[in-house]
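Thank you for sending this model over for comment. My notes follow as numbered points, beginning with one of the ion pairs and then widening out to the rest of the chain.

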Amino acid sequence: MFTFKTLVCFIYWFGCGVLSSEISFTENVDEHCRTPDNAVGKCVSIKDCTYLHDFAKTHPKTHENIEYIKKFHCGFEGIISKVCCSAPNETKSLASIEEKLGESTTKVFAIYVIAVNLLPNRSVCGLHFDRRVVGGKIADPQEFPWMALIEYETKNGKQFLCGGSLINSRYVLTAAHCLEENLVSVRLGEYDLDKEVDCFDEESIDCLDKPIDVKVQEQIPHEQFDLKIGNYLHDIALLRLSEDILYSDSIMPICLPSEEILNLSNKVKTTVAGWGVKSKTRSALKLKAELHLVPNIECSSVYERKTRLKIGEGQICAVGMKGVDACKGDSGNALMFHDKRADEQNFIAIGVVSFGLGCGTQNVPAVFTRVSSYIQWIIDHIKE
């Protein structure tokens, strides 16, 4: 029985798989590396390494085989795992691997199988089923089904004061500054806070399942986050739910960044959504707004001038039109990029709402925690 900890996304038709290890990672995937045999290699995706790819396709998930593959692991790019592959001019056959392991089989190597409680692949995450015309300020009931409302026990009763995003069947991604002792539960599948059941129109019998409230089993803030410092660096956290969540049309996980979208160009369009402040009152309906990314150097100049805060590499900024922003009550929600290059057209959580100056202040970007900077941290802190 293995402790599934380190996600290894070995892109194949089965999706993602997981391995357990304590491994040193290298961020530069173009660096040369050493294989377990001390041969010179390059850190590449396993699909680009013929002999390891063939081995993975034709062998069962035994402890010995998993340990063998783990020895080649050399880094991540986004959530894609890399292996140290021998240089092209060096030959290595599948037979030589089998000879070392002392076994041969034709069963599928099950590290490709996705673990239900770990990060889902793009056939599952980031999908939604909206029916409303694109561009509306009010979201469709089935838009952004990963959105979570975080509930707190206050002197005025239970209140939703932060948001988050479901990233698998057991974990919600949110902001570290949202974590409090009085945080009690997470609501999923919500649309209209004023209605017990959400339907597509007033007279429709086409309605969603009731939202669910799930207790929080564990709060996991980033170890380096310190609200007292006031710069909101490392403002990221996970909430482990008390039970596994069943996916439905109104409850689905969002995708996390992979290497293809690590370097989004500035001015690219993104989306935020939530139940935050609208005209000084909280909206009962799920709202959405379009923002575009702002270069960190430009964002930092605004904040240094107004607050003396410098925007760090682990942060990302985005701005909308005047009055359009991620406001109070939206903390912890995702800054979403709609990746339309694949058939699934997945939504990717590229940021977590962290802080800003007012709500929708013209030409003042909102600041988000950059999710791609914390993929390894997320992987290290999720478990079955």
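1. Arg170 is buried, with a relative accessible area of 10%, and it forms a salt bridge with Asp244 in which the closest N and O atoms are 3.3 Å apart. Arg170 sits in the loop between strand S8 (157-166) and strand S9 (171-174), while Asp244 sits in the loop between strand S12 (237-241) and strand S13 (269-274), so the pair ties together parts that are 74 residues apart in sequence. The acidic partner, Asp244, is partly exposed at a relative accessible area of 40%. Please keep in mind throughout that this is a predicted model.

2. As background for the remaining points, the protein chain has five helices and 20 strands, and of its 384 residues 53% count as buried. Among the contacts in the chain with a separation of 6 or more, 71% are between residues 24 or more positions apart. The exposed surface of the protein chain comes to about 18400 Å², and carbon and sulfur atoms supply 50% of it.

3. The count of salt bridges comes to six. One of them joins Asp339 to Arg122, with the closest N and O atoms 3.0 Å apart. Asp339 belongs to the loop between strand S18 (334-338) and strand S19 (347-355), and Arg122 to the loop between helix H3 (94-101) and strand S7 (147-154), so this pair ties together parts that are 217 residues apart in sequence. Asp339 is buried, with a relative accessible area of 2%, whereas Arg122 counts as partly exposed at 25% relative accessibility.

4. A further salt bridge is formed by Glu290 and Lys269, whose closest N and O atoms are 3.9 Å apart. This pair links distant parts of the chain, with Glu290 in strand S16 (residues 287-294) and Lys269 in strand S13, 21 residues apart. Glu290 is partly exposed, with a relative accessible area of 49%, and Lys269 counts as exposed because its relative accessibility is 56%, the cut-off for exposed being over 50%. Elsewhere, Arg187, Glu190 and Asp213 are linked in a network of salt bridges.

5. Which residues of helix H4 are buried? In this helix, which covers residues 296-306, they are Asn296, Cys299, Ser300, Val302 and Tyr303. These residues cover an arc of only 160° around the axis, and therefore lie on the same side of H4. The general background is that an α-helix has 3.6 residues a turn, so residues three or four places apart point the same way. On the other side of H4, Ile297 and Arg305 are exposed. The cover over the buried residues of H4 includes S16, strand S17 (315-319), S19 and strand S20 (366-370). Just after H4, Arg308 takes a positive phi of about 70°.

6. Gln315 deserves a separate comment. Gln315 is placed in strand S17, and it is buried, with a relative accessible area of 2%. Where does its side chain find a polar partner? The side chain of Gln315 reaches the backbone oxygen of Asn231 at 3.4 Å. Leaving aside residues up to four places away in sequence, the residues that Gln315 touches include Asn231, Tyr232 and Leu233, together with Asn296 and Lys310. Phe355, Val367, Phe368, Thr369 and Arg370 are also among the residues that Gln315 touches. Of these contacts, Asn296 is one of the buried residues of H4.

Conventions: Residues numbered from 1 in each chain as written. Predicted model: local features only at pLDDT ≥ 70, side-chain atom pairs only at ≥ 80, totals over all residues. Heavy atoms only, no water. Helix = DSSP H or I, 4+ residues; strand = E, 2+ residues; numbered from the N terminus. Buried < 20%, exposed > 50% of the residue type's maximum accessible area, 1.4 Å probe, protein only. Contact = heavy atoms within 4.5 Å. Areas by Shrake-Rupley, 256 points an atom, 1.4 Å probe, with all protein chains shown as cover. Salt bridge = Lys/Arg side-chain N within 4 Å of Asp/Glu carboxyl O. Arc of directions from axis to C-beta. Polar contact = N/O pair within 3.5 Å; in protein donor to acceptor, adjacent residues only side chain to side chain.
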